Amino acid sequence: MSDLALAPIAATASAKSHWRVMRAVAAKEWLELARDRRLVALCALIVALMLGALAFGYAENARILRERDAATKADRELWVGQSAKNPHAAAHFGQYAFKPLSPLALADPGVDAYVGSAVWLEAHKQNETQFKQARDGGVGARLGSLSLAFILQTIAPLIVILMGFASFSGERESGALKQLLSVGARPRDILAGKALALIGAIFALLAPAFIGAALALFFFVDRERLSLADQFIRLCALGAGYAIYLAGFAFLALGVSALAKNSRAALVTLLAFWLANSFLAPRLATDAARAFAPTPTWLEFRAGVIQDKSKTFGHDESHPGFIAFRDETLKKYGVTRIEDLPVNFRGLALRKDDEAGYAIFDRHFGLLQSAFDRQDALRAAPGFLFPLLALRPISMAFAGVDSRSQFDFATAAEAHRRDIQNQVSDNIIHFAHDNHYVAGPELWRKIGSFAYQAPGAIFAFAHSALPIAALLGWLVIAVVFAAFAARRLRPV
Amino acid sequence: MSRAMSSAFFAGFRFEARMMRRDGAIWFALLTLAGVALFALAMGSARVSAQQAAIAAARADEMQRIANLQKTLGQLQEGDAQGKPAPEPPPFRDPRNPTFMGGGPAAAVAALAPAPLALVAIGQSDLLPPAVRVTTNSKDSFLFADEIDNPANLMSGATDLAFVIVFVYPLVILAFVFNLLAGEREQGTLAMTLASARRPGAALAGKLAARVSAPIIAMLLAVTVGVWIFAGWERLASPGFAALLVLVLLYGLFWAALAAAIDGLGRSSAFNALTLIGAWVAITMILPAAINSLAAFAHPAPSRIDMVLAARAASTDADKARDASLARYADEHGGGKPAGGSQEMTLRRLATQEAAFQRVEAIVAEHDAQLARQRGLSDRLGYLSPAYLTFQAMADIAGSGETRYRAFLDRIRAFHVDWREFFLSRAKAGAALTAEDYAALPKFTQADEELSAWAPVGLAGPLIGVALPALILAVFAWRGFRRCGI
């Protein structure tokens, strides 16, 4: 016999008594959930799907990692294997920067398939990343692939709804709620007990995924390149994010169940919300983001860059900018002919032109990323009402697969491009005595290959303030709603 | 159908239709469904306009570039004719230089205009740019250029009719049908319904037909009106539109048959609801995701990076081969240098371009074969999920699927060969481009059938793939309804 059945609870009962009620309600809910074979089978299926998704993610990531490592080595060989040539010609040949894979992409692939994986680092030009994997996937691939994030973001809330939709309404229909209230149990204690049980079930659902992801990380992370501790901090943040997301659904299910006329109405209402959250809100928010924060087309973007670049001289020796720079240089060195300069003027001109280009690229690519950021903020803003809009950017940020992480990579790649240009120009400045100057493999070897150090978890925290606030807002609203519904709880 | 049977069927149909007419929730659901479909078509129409604007801008840019080159060429020729030659431009800006002009400044725009029914499905059109700038360089340098878009937008997907049909439409059908028998049984009216008809099975079939036809007709009407408003009435007479209506009808019947089959098991409304939600999640979400993951695992998409590296390796090899050939020339001619300067630069460029072109062609063919294997597997597995088949079929009807894009790529391949031939033959001959050459530049034109009479092909398989399970489930439903107990 449960503690609850021993005696009615006094109106002025101690906190310990309330805790006993909560515990008893939670234990009863747990028992019912565990006895529901369909629900247990469904949970087992979801856990199996999550582990399967992790296994797929692990295999896919390992393959991509191997490919990119091999590509990095191959590109290095091509770079150092160049024949003797003018260093600027080598800069035009350039290098490729390959984006290293974030280990947690095995749990959430994020936008990785929709951004390129390689950037060509060539002279005079900052390029966009190329080769989006999604282009090769075909139309059917747009329906998604099996990933841990996909399951936790869309299917797990459905499980929570199925666990919770009849919590109050079912007991009202069976008469159990009337009995429970008649022994003096406060609605808020019953709510707390049921919430405790549901949240416990959520943790039970998340635990295998979390442990699986932790084990995968342990074996996957290249500890020479990445900090395992940082990856575990990211994983913990992901776990917390998903727990808040699902806990909000638990409180919502309890609130709706308490207010609904019957279980059917509760289920229909919750399913409608789930559909809106999982399918409608992301698409509508994206349409709105596109409309309110438009991005330029490729042609417009490149036209803007070209227009600004036309103010620089490039290789055009008749350009007024070139003539002005030449005169300024001659004056600086106190000579009247280029041939009398102690350094190579062509190298100086290349460096000057590159430096002018850096500012132009910084401005245009920065503006583009700002437009992306505005779109992301617009999409995340309604996240306190439709929590997937808040959770998705958090999940991607901590998995290191969001557009901010991509921008960080692109910025680092551009910094490396500039390093190549600067080294090449310096070499020409100091060693080229005529236009037939060529450099050999020593210079190619001296210029290193791109080595990217992904930012730590703090980077993800810093760029996720809005979605984190929205997700916490979602939980607070769901808790307040459930408490409000519990206050209006009807026994019949 | 005997007379008694048809009369019972129509009586059941009329009775249920009357009940539904008086139910505000039914009207709300139908109007919401139609409204969402119309909204999706409006969004699709806006997207099509944006694609058309992008193509127009690319063509305007092409015209401007060619006009500028012709103008510079005219100035150079005029200067030569007047004996006052203009300063020699660098080769990469010289409109007479076929090697450099064909490689960029004169690049031709190859565009794929949206198909007549492009507004119904975004498909891959947000990932594959509608206009490509074809140059004499190897394909890796132009075929994989992307339109600018926030990757998070691409990942979220857009609101299109394909999304509404595949995900939302089934839910409304399920909501209408899931408790036809169970609901009456729980309310205690089933016995009365069965007792009041001479042919109870036919009466129940009539009631079911009324429930099924309401959302299907609402969707067919919304699609027709939406296409008429946003794409023009002439689209309604196209074979693609007929295929779209058939697809919407069959997909709706599949879900109706599934709901009726579950309802026919004689279990409670709650059981039906949970089972059907599970089926919806499995068919629209889990199975497509699993199919994609399995196909990607069995036949991983080839790394496009290989293609770039091969092109780079080819150009360094060609460079080295050129160096070796120059060194041999020097040996054989007592240290004398062969033609240097800009001619050597041109020859070197041609050699590297040719080497890269050959290697990239081979790798692209290899990659295409691997992708075809992956897609073949996912297409075969797609028969496990009518949602997957419907989504793909809608993209094909919209002309935003793989079939039409692959045809576009084939035409680009042929055009690329012509384009290279035009410029490289002149470059190899050391001939300068003339005003006549600019007037005779090869043009990429879109085939008429792609523009106006795009008729989706290969839809028979997906349509049968949706119709067959619908038929099997209908048989189960029929048996369940005939045996239904009170």
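In β3 of chain A, Lys125(A) is the bridge partner of Glu122(A). Strands here are DSSP runs of E, at least two residues long, and helices are runs of H or I, at least four residues long, both numbered from the N terminus. β2(A) and β3(A) run antiparallel and are joined by 2 bridges. Two strands pair if DSSP finds at least two bridges between them.

This is a predicted model, in which local features need pLDDT of at least 70, side-chain atom pairs count only at pLDDT 80 or more, and totals for chains, interfaces and linings use all residues. Residues are numbered from 1 along each chain as its sequence is written, chains are lettered from A and ligands numbered from 1 in the order in which they are written, and side-chain values use heavy atoms, with hydrogens and water left out.

**The sheet of chain A**

β2(A) and β3(A) belong to an open sheet of 3 strands, ordered β1-β2-β3, with antiparallel pairing. The edge strands are β1 (95–98) and β3 (125–126) of chain A, and each pairs on one side only. Strands of a sheet pair through backbone hydrogen bonds, either parallel or antiparallel. β2(A) covers residues 118–122, and 4 bridges join this strand to β1(A) in antiparallel fashion. Trp120(A) in β2(A) is the bridge partner of Tyr96(A). Ala118(A), also in β2(A), stands opposite Phe98(A). Of the 5 residues of β2(A), 4 are buried, so the strand is mostly covered. Buried means under 20% relative accessible area, exposed means over 50%, and partly exposed lies in between (1.4 Å probe, protein chains only).

**Two positive phi values**

Most residues other than glycine have a negative phi. Two residues of chain A depart from this sign, His124(A) with phi near 70° and Phe131(A) with phi of about 70°. The hairpin of β2(A) and β3(A) has 2 residues between the strands, and His124(A) takes its positive phi there. Phe131(A) is found further on, in the loop between β3 and α4 (148–164) of chain A. Buried or exposed: which applies to His124(A)? His124(A) counts as buried because its relative accessibility is 14%. Phe131(A) counts as buried too, because its value is 6%.

**The contact of chains B and A**

The contact takes 80 residues from chain B and 78 residues from chain A. Contact means heavy atoms within 4.5 Å. Ile148(B), Met155(B) and Arg312(B) supply 11% of the area that chain B buries against chain A, more than any other three residues. Buried area is the accessible area (1.4 Å probe) that two parts lose on being put together, summed over both.

| Interface item | Value |
|---|---|
| Area buried between chain B and chain A | about 7,000 Å² |
| Share of that area on carbon and sulfur atoms | 65% |
| Salt bridges across the interface | 5 |
| Residue pairs in polar contact, both at pLDDT 80 or more | 28 |

A salt bridge is a side-chain nitrogen of Lys or Arg within 4 Å of a carboxyl oxygen of Asp or Glu. Asp146(B) and Arg135(A) meet in a salt bridge through their side chains, at 2.8 Å from N to O. A polar contact is a pair of N or O atoms within 3.5 Å; within protein, one must be able to donate a hydrogen and the other to accept it, and residues adjacent in sequence count only if both atoms are side-chain atoms.

Several helices of chain B each supply at least two residues of its side that touches chain A, among them α2 (24–81), α10 (269–298) and α12 (341–381). The largest share, 15 residues, comes from α10(B).
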